[in-house]
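Welcome! Have a look at the model below, then try the exercises one at a time before reading each solution.

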Amino acid sequence: MFTPVRPPYLLRRYYNRFTWSIPGADRKVYLTFDDGPVTGVTEFVLDTLDEFKVKATFFCIGSNVKKNPELYQRILQEGHKTGNHTFLHKNGWLTNADDYVKDVDEAARHISSGLFRPPYGRIKKAQAELLLPHYRIIMWDVLSYDFSPAVNPAQCLKNVITHTRPGSVIVFHDSRKAFRNVKQVLPGYLDFLLRNDYVPEIIP
């Protein structure tokens, strides 16, 4: 199913208790990375962020944190923030509420955070109602499509540059599937942000 770069208005209205963007009177934007930590990929992302002196928020899969605890600690030690992205990258539309929450709870054993992002952006209202007392659910304003084999690096960069605005929450992935695009797009995008006076921040 095709998902637009910017989420549809009706979807944002339906899930109006989620965070889709963080508007303010300044030019802050919020870079996020999903699906890590993954060896080789997450190190590249961290090295690139460090080169540009930029901080980001990483929505981590609990099973990946369990496999790569040192890499997870590096994310935190370098001043970035983390969020819960379930333990097994569960699709909420295909999972009952109790099993979904149990998977989030399992991830929480490895990820200490009050932020949650549903994998694929797919979550049922019943699941959200169980999670909202414990988590701020972070969605996005701009989806890069770095993970899609149908999107080349030039299109991926265009996706994020064209749609970025003050307050945007931008989604990249530190996953093997996305690495083909991320390794080419991320440096150019960070350069674009800084040249245009955007201020990348972690999600508060």
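Four exercises with worked solutions follow.

This is a predicted model, in which local features need pLDDT of at least 70 and side-chain atom pairs count only at pLDDT 80 or more, while totals for chains, interfaces and linings use all residues. Residues are numbered from 1 along each chain as its sequence is written, and side-chain values use heavy atoms, with hydrogens and water left out.

**Exercise 1. Describe the overall build of the protein chain.**

Step 1. Begin with the inventory: the protein chain holds eight helices and eight strands. Both are DSSP runs numbered from the N terminus, helices being H or I with at least four residues and strands E with at least two.

Step 2. Check the extent. The C-alpha trace spans about 45 × 40 × 35 Å along its principal axes. The radius of gyration is 16 Å, which agrees with the value near 17 Å for a compact globule of 204 residues. It is taken over C-alpha atoms, and the globule rule is 2.2 Å times the number of residues to the power 0.38.

Step 3. Look at burial. Of the 204 residues, 52% are buried; buried means under 20% relative accessible area, exposed over 50%, and partly exposed in between, with a 1.4 Å probe and protein chains only.

**Exercise 2. Follow the chain from β1 to β2, and find the neighbours of β2.**

Step 1. Strand β1 (residues 28–34) and β2 are parallel partners with three bridges. For two strands to pair, DSSP must find at least two bridges between them.

Step 2. Between β1 and β2 the chain passes through helix α2 (residues 41–52), giving a right-handed β-α-β crossover. Right-handed means that, with the strands pointing away from the viewer, the path from the first strand over the helix to the second runs clockwise.

Step 3. Now find Phe59 in β2: it is the bridge partner of Asp34, and it also stands opposite Gly83 in β3. Strand β3 (residues 81–84) pairs with β2 in the parallel sense over four bridges.

Step 4. Which way do the side chains of β2 (residues 57–60) point? Thr57 and Phe59 point one way, Phe58 and Cys60 the other, and all are buried. In a regular strand, side chains alternate between the two faces of the sheet.

**Exercise 3. Work out how β7 is placed.**

Step 1. Strand β7 (residues 169–173) is largely enclosed by the rest of the structure, because five of its five residues are buried.

Step 2. Sort them by side: Val169, Val171 and His173 lie on one, and Ile170 and Phe172 on the other.

Step 3. Find the partners. β1 runs parallel to β7, joined by five bridges, and Leu31 stands opposite Ile170. Strand β6 (residues 142–143) is also parallel to β7, with two bridges; here Val142 has Ile170 as its bridge partner.

Step 4. Trace the connection: β6, helix α7 (residues 153–163) and β7 form a right-handed β-α-β unit.

**Exercise 4. Count the disulfides, and explain the result for Cys156.**

Step 1. Recall that a disulfide is a covalent bond between the sulfur atoms of two cysteines. Here the rule asks for a pair of cysteine sulfur atoms within 2.5 Å.

Step 2. By this rule the count is zero.

Step 3. Why is Cys156 without a bond? The closest cysteine sulfur, in Cys60, is 20 Å from that of Cys156, too far for a bond.

Step 4. Are these two cysteines buried or exposed? Cys60 counts as buried because its relative accessibility is 1%, and Cys156, with a relative accessible area of 0%, is buried too.
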